[in-house]
Structure formats: structure tokens, C-alpha cells
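Q: Please take a close look with me at one part of this model, beginning with how that part is laid out along the sequence. After that, I'd be glad to hear about its surroundings.

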Amino acid sequence: MFSRLKDYFKDFNWVSGCFIIGYHSLLLALVPLYCYFFTPSWTILTFAFIFYFISGTSITAGYHRFYSHQSYKLNNKFIEFLLLFFGSMATQGSALRWSHDHRIHHAHIDTDKDPYSVKKGFWYAHLFWMFKKQPEIDTKIVSDLCKNKMVMFQENHYLFCMLFANIVPTVLVGWLTGDFFGAFVFVWLFRLFFLHHSTWFINSLAHYWGHQNYSREHSAVDNYIICMLTFGEGYHNYHHTFASDYRNGIRWYHYDPTKWFIWILYKLGFATNLRRTQESRITKQMLLNHKTELLEKLKNSISSKKQDLEEKVSECTDTLVQKMAEIHQLLDLYKEAKKAKVAHVKELYKEIKQLKKILKMKWKELHFLTKSIMRLQPVAMAASA
Ligand SMILES: [Zn+2]
Ligand SMILES: [Zn+2]
């Protein structure tokens with residue numbers, strides 16, 4: 001029995017495991033105790049929310065989109081210091097380790113090499129992977145970050161950085177409100193608990209429940225609830241399909257505060273080289289992905305017009321892909337011609353108008369095709385009926 005127990009704990013990550021279990025237990029004991037004797041003030045709760053937002057954005061804009069994916073450049077060391085400081089406050093390990101694991105996650109998604117593969121189970125991806133000893137950092141994967149002095153300082157003094165970044169705001173809030181106990185319970189522990197589980201949902205829920213709008217080749221999904229909790233990281237299917245884009249929510253109305261934050265940094269002159277995927281590439285990918293989805297659905301459905309529908313889907317999506325590429329090209333030409341005030345601007349405009357009409361018709365056709373295919377009865381259901 002002892003040897004089995006020994007085997008079980010051989011791979012146990014004592015530091016990470018004890019910390020997670022320890023602070024959850026402490027929180028479970030202290031919240032009821034605090035609430036029994038006191039009432040948490042709105043000031044304390046507001047500070048907890050503010051630090052949740054700041055430390056969370058430092059992970060998404062700093063650890064994730066800046067260090068892991070290099071989706072933009074920073075030319076201000078103080079901003080980088082702040083991202084690392086509040087990233088330390090988020091207590092998710094060093095930027096070097098975080099980026100290392102995340103780059104492996106992208107390169108080997110859904111395989112055994114993926115450190116938090118959802119294929120090993122929802123709770124494994126959410127939490128239990130951290131209870132397992134992780135392999136040493138392979139410096140080849142993060143060679144760029146190994147040259148960054150600030151990243152290496154945090155890596156070499158992580159415990160100090162993490163404690164300092166948590167103690168300073170907690171003591172400050174305690175001093176401002178006169179409630180050190182409340183600051184410890186809500187600004188440190190409760191904020192950490194909420195932020196941890198929100199971030200961990202990206203590895204679990206955002207690979208489990210949602211829509212595959214851009215690709216069906218990996219488990220990542222777009223989930224709008226997670227976007228609300230994680231500062232825009234819930235557009236995870238898009239992110240895994242176009243990982244170098246500084247945005248996760250690409251439309252102006254998509255809730256992605258991280259992209260707005262990076263854009264503000266850019267406008268203030270602190271960030272440059274914001275990487276965006278070309279609109280034409282995104283549309284093409286969406287259409288091809290939709291085509292795969294419809295053909296898959298048709299394959300598993302009962303219909304006498306199966307072959308006819310398959311041909312229609314292929315014809316409609318292929319034409320749309322081709323026409324969308326044409327219109328993007330024409331729009332670029334039109335912009336240039338308008339700037340240069342050349343004579344054929346009007347002809348280009350007419351051509352675009354004509355193409356837009358064809359596109360409108362094709363989009364309508366695809367919409368009706370989608371509706372009728374989605375209504376088809378699946379083979380399994382028909383067999384059991
Ligand atoms: Zn992922
Ligand atoms: Zn990523």
C-alpha cells in the first residue's frame with residue numbers, strides 16, 4: 001500500500017499543490033469567520049474588483065499576448081515593469097514558465113505533449129495539471145525571453161516578487177480602509193480565487209463548451225461568458241486559429257478589454273507593431289470552416305437530396321471565398337485610387353457595387369442552405385425512431 005502511495009505522490013507537485021489546496025482552505029475558513037463578525041464594506045469589495053481587473057489584464061496583455069505570442073511590441077520599460085508586477089500579483093507562476101507552457105499548449109494542442117490538454121479531462125485541464133510535476137523549462141522554446149533582464153529577474157526571484165506584489169496592495173487597502181483583515185480576505189485571497197478560476201476556465205471551459213467559428217481542427221471554442229470573466233480571452237477558437245493577432249475579439253463590439261488596453265498603449269506611444277490578421281484571411285477561414293461543418297452535418301443526416309445539397313454547399317462557399325477575395329482586393333485598389341485621385345475611381349466603384357450585389361445573393365443562399373441542413377434529422381436519431 002505504501003509503495004502505491006509513494007508512486008502516486010512521486011509526480012506530485014508539492015509547492016503548487018499545497019499552495020492551491022492551502023489557500024482554498026484558508027479562504028473557506030476565513031470568509032465565513034469575517035462575515036460572522038463584520039460586514040465587508042463596498043470600498044474593500046471595489047478594491048478587490050479593481051485589483052482583480054489589473055492583475056488579470058496584466059496576465060492577458062502581458063504574460064499572454066505580449067510575452068507568449070509577441071503580438072505587439074512595448075517600447076516603455078515602466079509599462080513592462082507594471083505588467084510584470086501585477087502579473088506577479090496574479091500568482092500564476094513566472095512569465096517565463098507561463099509563456100513556456102503556453103507556447104507548448106499552442107504547438108501541441110490536444111496531444112499528450114499539451115501541458116493542460118482537455119483530452120485528459122475537464123478538471124485536469126482546469127486545475128489538476130498543476131498538481132503534477134512539470135518538466136524543466138526548455139530554454140529553446142523561450143530563448144527570446146531568456147534574453148529579457150526583467151523577465152529573468154522575476155524568474156530568479158519569483159517568490160519575492162509574488163509576495164511583494166500581493167502584500168503592498170493589501171497593506172495599502174488595509175491602511176486606507178482601516179480594515180487589514182478584510183483587505184487580506186477579499187483583496188488578496190478572494191480576488192486570487194476568482195481570478196485563478198476565471199483564468200483556468202480558459203484551459204477547461206474554453207476548450208469544451210462554445211462555438212467553433214473559425215476552425216474545427218482543435219478543441220478551442222468561442223465562449224462569451226468566459227470573455228466577461230477573462231478580459232476578452234474567451235474568443236479562444238479565434239485565438240487558436242490566429243494566435244499572433246493582438247485581438248481575440250475581432251469585431252468592435254466584441255468584449256475584449258485586453259485589446260482595448262493594448263490599443264490605448266499604442267495610441268499613447270507605449271506600444272508598436274500591433275499584429276492583426278488580414279480580414280480576407282479571416283473571412284476565408286470562416287467560410288471554409290462553415291463548409292466543413294455543413295458537409296459533416298450532411299454526412300451524418302438523412303436526406304434524399306444529400307448529393308444535391310453537398311454540391312450546392314461546395315459551390316456556394318467556394319464562390320463566396322473567391323468573390324470575397326476579389327472584393328477585398330478591389331477595396332484596396334479603390335482606397336489607393338481615391339487617394340491618388342486617378343480617373344478610374346468611378347469604374348472601380350461600379351465594379352465593387354456589382355460584386356456586392358452578387359455577394360449579398362450568395363450570403364443569402366448560404367444562409368438558407370445552412371438553415372435547411374441544420375434542420376435535417378441525424379442518422380442516429382432516425383435509426384432509434
Ligand atoms: Zn487554449
Ligand atoms: Zn495563446
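A: Happily! Let's begin with the zinc ion (ligand 1), whose donor residues follow the sequence spacing H-x101-H-x28-H-x3-H. Donors here are N, O and S atoms within 2.8 Å of the metal (3.2 Å for Na, K and Ca), and since water is not among the atoms, sites may look incomplete. A word on the model itself: it is predicted, so local features need pLDDT of at least 70 and side-chain atom pairs pLDDT 80 or more, while totals for chains, interfaces and linings use all residues. Residues are numbered from 1 along each chain as its sequence is written, chains are lettered from A and ligands numbered from 1 in written order, and side-chain values use heavy atoms, without hydrogens or water.

The four letters in that pattern stand for His 105, His 207, His 236 and His 240, and each of these histidines offers its NE2 atom to the zinc ion (ligand 1) from 2.1 to 2.2 Å away. The angles among the 4 donor atoms run from 92 to 163 degrees, and the site is classed as irregular. For reference, four donors are tetrahedral if all angles lie between 85 and 135 degrees; four are square planar and six octahedral if opposite donors are over 155 degrees apart and all others between 65 and 115; anything else is irregular.

Now look at where two of these donors sit. His 207 belongs to the loop between helix H10 (180-203) and helix H11 (224-229), whereas His 240 lies in helix H12 (residues 236-241), so this pair ties together parts that are 33 residues apart in sequence. Helices (H or I, at least four residues) and strands (E, at least two) are DSSP runs numbered from the N terminus. His 207 is buried at 5% relative accessible area, and His 240, at 11%, is buried too. The cut-offs are under 20% relative accessible area for buried, over 50% for exposed and in between for partly exposed (1.4 Å probe, protein chains only).

Helix H12 brings us to the other zinc ion (ligand 2). This zinc ion is held by the NE2 atoms of His 64, His 69, His 102, His 106 and His 239, at 2.0 to 2.2 Å. Along the chain, the donor residues of ligand 2 read H-x4-H-x32-H-x3-H-x132-H. Within that set, His 64 in helix H3 and His 239 in helix H12 link distant parts of the chain, 175 residues apart. Both His 64 and His 239 are buried.

Helix H3 (residues 42-68) is worth following a little further. H3 packs against H10 with their axes 9 Å apart and at an angle of about 40 degrees. Axes are lines fitted to C-alpha atoms, for helices over the stretch in contact, and angles run from 0 to 180 degrees between N-to-C directions. H3 and H10 are therefore oblique to each other (under 35 degrees is roughly parallel, over 145 roughly antiparallel, 65 to 115 roughly perpendicular and the rest oblique). Phe 47 also lies in H3 and is partly exposed, at 24% relative accessible area. The C-alpha atoms of Phe 47 and Arg 191 are 9.5 Å apart in space, although the two residues are 144 apart in sequence.

Past H3 comes a loop, leading to strand S1 (73-74), that includes Gln 70. Gln 70 is not a glycine, yet has a positive phi of about 50 degrees. Most residues other than glycine have a negative phi. Gln 70 is partly exposed, with a relative accessible area of 41%. Asn 273 also has a positive phi, near 50 degrees; Asn 273 sits in the loop between strand S2 (271-272) and helix H14 (279-299) and is partly exposed at 48%.

What about the cysteines? The structure holds 0 disulfides, a disulfide being a pair of cysteine sulfur atoms within 2.5 Å. For Cys 146, the nearest cysteine sulfur is that of Cys 161, 16 Å away. Cys 146 is partly exposed at 28% relative accessibility, and Cys 18 is partly exposed at 42%.

Stepping back to the whole chain, the protein has 17 helices and 4 strands. Its C-alpha trace spans about 70 × 65 × 45 Å along the principal axes, and 46% of the 385 residues count as buried.
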